[in-house]
Amino acid sequence: MFLVAVDGSTAEIPNTQLLKDYFGSAKASSTSASNARVGLNGFYDHLNHAMLKLVVDKYQKNETHVFLEHVDALIFAYPDESFCFVFDKGYIRLELFFELDSRNVKYLFRFSSGCYKKELQSAESADCMIDIKVTKAA
């Protein structure tokens, strides 16, 4: 069993025009020059204390899309293992729920207090499972 924490970050890289053109750039402030940056997305197994995969990608690329592009390769690399993915609150999207269900993997999301208010208010405790019903087309 892999208990995989999934999260993203950014990093500054050598500030060449070639890297800015390929990965992207960002300004530290409105008065500073732009610096080359990359997006980082890690897949860390908490039970085995090992980084299973680290993705270096475009700076502005959406973390959820990067996860979906790489999750199948990770599952394929460990065919005899089961997975439970743990996500921070920035990943909550119905699209991701459906994709994870279609892969038959377990998952856990951290929610912000304003997300799925009705479902959270009906929860029996602060630490429990809730059902989220899709009531409108996305």
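Select residues 2-12 and 83-87: these are strand 1 and strand 5, a parallel pair with five bridges. Strands here are DSSP runs of E with at least two residues, helices are runs of H or I with at least four, and both are numbered from the N terminus. Two strands count as paired if DSSP finds at least two bridges between them. The model is predicted: local features need pLDDT of at least 70, side-chain atom pairs count only at pLDDT 80 or more, and totals for chains, interfaces and linings use all residues. Residue numbers start from 1 along each chain as its sequence is written, and side-chain values use heavy atoms, without hydrogens and water.

Within the parallel pair, pick Ala-5; its bridge partner in strand 5 is Val-86.

Next, add residues 34-45, which form strand 3. Strand 3 runs antiparallel to strand 1, and nine bridges join them. Select Ser-9 and look across to Leu-40 in strand 3, which stands opposite. In a regular strand the side chains alternate between the two faces of the sheet.

Now colour by secondary structure. Four helices and six strands should appear, in the order β-α-β-β-β-α-β-α-β-α along the sequence.

Zoom out to the whole protein. Along the principal axes, the C-alpha atoms fill a box of roughly 50 × 40 × 30 Å. Of the 138 residues, 30% are buried, meaning under 20% relative accessible area with a 1.4 Å probe, protein chains only. Among contacts (heavy atoms within 4.5 Å) with a separation of 6 or more, 47% link residues 24 or more positions apart.

Key
Buried means under 20% relative accessible area, exposed over 50%, partly exposed in between (1.4 Å probe, protein chains only).
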